[in-house]
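Here is a walk through some of the details worth a look in this structure. Keep the viewer open and follow along from residue to residue.

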Number of protein chains: 2
Amino acid sequence: METLSTSKAHGGTLGVYRHASSATDTDMTFSVFVPPQAEEGGKLPVLFYLSGLTCTHANVTDKGEYRRACAEHGIIFVAPDTSPRGEGVADDPEGAYDFGLGAGFYVNATVSPFAAHYRMWDYIAEELPALVAAHFPIDPARMGITGHSMGGHGALTLGLTYPDRFRSLSAFAPIVAPGQVPWGHKALGGYLGEDRTGWRSHDAVALIEDGHRPAGDILVDQGDADSFLAEQLRPQLLCEAADRAGVDLTLRMQPGYDHSYNFISTFMADHIRWHAERL
Amino acid sequence: METLSTSKAHGGTLGVYRHASSATDTDMTFSVFVPPQAEEGGKLPVLFYLSGLTCTHANVTDKGEYRRACAEHGIIFVAPDTSPRGEGVADDPEGAYDFGLGAGFYVNATVSPFAAHYRMWDYIAEELPALVAAHFPIDPARMGITGHSMGGHGALTLGLTYPDRFRSLSAFAPIVAPGQVPWGHKALGGYLGEDRTGWRSHDAVALIEDGHRPAGDILVDQGDADSFLAEQLRPQLLCEAADRAGVDLTLRMQPGYDHSYNFISTFMADHIRWHAERL
């Protein structure tokens with residue numbers, strides 16, 4: 001693992017790192033904020049934040065306003081990239097923003113040419129937690145996960161699939177049912193093929209319908225002025241599935257907020273406190 | 001004045017605006033955060049934040065972490081650009097980062113070809129305060145100013161020159177004595193010419209030596225791991241001038257912090273509270 005930069009922030013250390021990923025067979029870049037509590041020794045809880053379409057690790061790292069709250073609660077914050085990148089990594093044939101580079105959708109692709117590198121599921125579920133636990137003072141029994149939009153989808157599907165691994169779960173404006181919305185049709189079709197039975201493992205609503213349960217309760221924030229709300233996000237589908245299954249879900253509709261980091265940064269401190277209480 | 005975007009953030013509204021500036025004879029873009037207290041009617045205090053070399057309005061807007069504190073204290077926050085831009089605006093002949101575009105140094109240039117548009121002093125001192133007071137619920141009797149690096153220089157020189165206008169004054173890692181450091185030699189020489197007597201009006205240390213006084217006390221934060229500290233910033237020169245003149249200056253050397261937004265965002269809430277107490 002190579003250190004690209006470190007800088008003191010909010011009493012802790014913000015670093016950007018690169019490593020050769022065995023999951024994606026590419027180099028991958030991510031950021032880690034280690035709060036000041038690390039100086040006391042001992043292991044700290046960690047929150048993984050999965051970003052949305054078009055993002056790299058840098059967007060939330062610069063604009064997420066998570067560090068003050070992480071420093072207050074003693075949480076390590078890890079922000080990975082959203083897809084493999086580099087020479088030989090296939091992209092959307094037309095360079096669209098919602099598929100290919102910056103749009104890995106947190107699945108292991110099975111369709112050529114994406115299957116060669118697009119293995120973000122294994123990367124986030126297995127490789128990255130092991131890597132950061134080896135290099136930072138992380139307690140692997142206290143890992144939480146959150147994310148925004150496509151990253152909210154990733155957080156929900158990973159959290160529902162691995163409740164023993166991800167002990168706390170929240171999301172900002174997540175894609176809750178990719179099997180029922182255009183972004184998901186394109187991404188899951190393109191990465192997993194048109195047989196929709198395989199899609200259910202990467203659809204939070206379907207996972208709940210199929211009996212998967214999170215480690216605890218789920219917090220979702222959603223702006224009601226989000227331009228993607230009605231067509232792509234549809235949080236009501238998650239509420240209905242959670243209701244039917246007895247999953248404890250809090251959906252907070254936030255009046256006037258859009259899909260941007262202005263929304264995310266406003267509620268980030270709430271989510272960090274919420275994870276800290278559960279980790 | 002054209003609205004380029006607005007978005008709800010931290011209970012208030014973050015907007016980006018463009019207007020045809022008479023000071024610079026170019027279009028100028030800036031951001032304004034209006035906190036939720038504006039909904040109660042009445043006029044609010046305003047803090048102008050002047051950015052450093054290479055920045056536009058966007059850097060602090062995205063990365064400054066000022067909105068939560070502004071929403072807490074009821075402060076309007078205005079972030080202008082650092083130079084004129086656009087067709088016909090002269091740049092450094094070699095495209096250097098420390099002169100020309102992104103490096104206006106908050107002076108009215110007198111040297112051709114920069115004199116045509118580089119009139120950032122008038123822009124910040126006169127035109128922008130009048131423009132935002134006409135469009136936002138600002139109390140013109142409660143204006144404060146701060147900034148980073150080159151923008152800290154701008155804040156100090158404007159605050160020392162117009163204490164009746166800028167009622168509170170702080171800076172992050174400012175250039176305190178451009179007449180004594182390489183960045184300043186290049187910029188003041190390039191914009192104002194080689195007759196150094198004219199430079200003293202744009203040098204905080206010289207302004208204090210020449211009898212100028214701020215409206216009140218001054219707060220400066222400076223990271224001790226800032227790579228520009230010894231050669232370009234030299235805050236001790238400001239301390240010595242303030243001591244000799246009886247100016248109430250608090251310089252906080254912040255251990256381990258560098259020159260980046262990781263430093264600025266860590267101490268931004270302190271500065272906003274400090275201005276709020278004085279406005």
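S149(B) is buried, since its relative accessible area is just 2%, under the 20% cut-off for that label. You'll find S149(B) in the loop between β6 and α4 of chain B. Its backbone deserves a look too: phi is positive, about 60°, although S149(B) is not a glycine. Bear in mind that this is a predicted model, so read such backbone details as features of a prediction.

Chain A has a residue of that kind as well. T54(A) is not a glycine either, and its phi is positive, near 80°. T54(A) belongs to the loop between β4 and α1 (57–63) of chain A. For background, most residues other than glycine have a negative phi, and most peptide bonds are trans.

That brings us to the peptide bonds. In chain A, S112(A) and P113(A) are joined by a cis bond with omega about 0°, and P113(A) is in the loop between β5 and α3 of chain A. In chain B, the bond from S112(B) to P113(B) is cis, with omega near 0°. P113(B) sits in the loop between β5 (76–80) and α3 of chain B.

Now for the sheet. How many strands form the open sheet of chain B, and in what order? There are 9, running β1-β2-β3-β5-β4-β6-β7-β8-β9, with mixed pairing. The edges are taken by β1 (2–9) and β9 (249–254) of chain B; each has a single partner strand, so one side of each has no neighbour in the sheet. From one strand to the next, the twist averages 20°.

Zoom in on β2 (residues 12–21) and β3 (residues 26–34) of chain B, which pair in the antiparallel sense over 9 bridges. Within that pairing, A20(B) stands opposite D27(B) in β3(B).

Helices pack on this sheet. Helix α8 (residues 235–245) of chain B touches β8 and β9 of chain B, and its direction makes about 155° with that of β9(B). Helix α4 (residues 150–161) of chain B lies across β4 (44–50), β6 (138–147), β7 (166–172) and β8 (218–223) of chain B, and runs at about 155° to β7(B).

On to the aromatics. Over all chains, the count comes to 38 aromatic pairs. Take Y49(A) and F172(A): their ring centres are 6.3 Å apart and their planes are at 55°, so the pair is tilted. Since Y49(A) lies in strand β4 (residues 44–50) of chain A and F172(A) in strand β7 (residues 166–172) of chain A, the pair ties together parts 123 residues apart in sequence. Both Y49(A) and F172(A) are buried.

What kind of pair do the rings of F99(A) and F114(A) make? With centres 4.9 Å apart and planes at 80°, they are edge-to-face. F99(A) and F114(A) both come from the loop between β5 (76–80) and α3 (120–135) of chain A, so this pair links parts 15 residues apart in sequence. F99(A) and F114(A) are both buried.

Y49(A) and F172(A) also belong to one aromatic cluster, together with F33(A), Y66(A), F77(A), Y257(A), F263(A) and F267(A).

Charges meet rings here too. R278(A) lies over the face of W274(A), 3.8 Å from the ring centre. In chain B, the charged end of R278(B) sits over the ring of W274(B), 3.8 Å from its centre.

Finally, the salt bridges, which come to 32 over all chains. Here are three of them, with their N to O distances.

| Acid | Base | Distance |
|---|---|---|
| E209(A) | R200(A) | 3.0 Å |
| E209(B) | R200(B) | 3.0 Å |
| E126(B) | R165(B) | 3.3 Å |

E126(B) lies in helix α3 (residues 120–135) of chain B and R165(B) in the loop between α4 and β7 of chain B, so their bridge ties together parts 39 residues apart in sequence. E126(B) is partly exposed, with a relative accessible area of 42%, and R165(B) is partly exposed at 25%.

E209(B) counts as partly exposed at 42% relative accessibility, as does R200(B) at 34%. In chain A, R200(A), E209(A), D210(A) and R244(A) are joined into one network by salt bridges that share partners. Within it, E209(A) is partly exposed at 43% relative accessibility, and R200(A) is partly exposed at 33%.

Technical notes:
Residues are numbered from 1 along each chain as its sequence is written. Chains are lettered from A and ligands numbered from 1 in the order in which they are written. This is a predicted model: local features need pLDDT of at least 70, side-chain atom pairs count only at pLDDT 80 or more; totals for chains, interfaces and linings use all residues. Side-chain values use heavy atoms; hydrogens and water are left out. Two strands pair if DSSP finds at least two bridges between them. Helices (H or I, at least four residues) and strands (E, at least two) are DSSP runs, numbered from the N terminus. Axes are lines fitted to C-alpha atoms, for helices over the stretch in contact, and angles run from 0 to 180 degrees between N-to-C directions. Contact means heavy atoms within 4.5 Å. Rings of Phe, Tyr and Trp (its six-membered ring) pair if their centres lie within 6.5 Å; planes under 30 degrees apart count as stacked, over 60 as edge-to-face and the rest as tilted. Buried means under 20% relative accessible area, exposed over 50%, partly exposed in between (1.4 Å probe, protein chains only). A charge sits over a ring if NZ of Lys or CZ of Arg is within 6 Å of the ring centre and within 35 degrees of the ring normal. A salt bridge is a side-chain nitrogen of Lys or Arg within 4 Å of a carboxyl oxygen of Asp or Glu.
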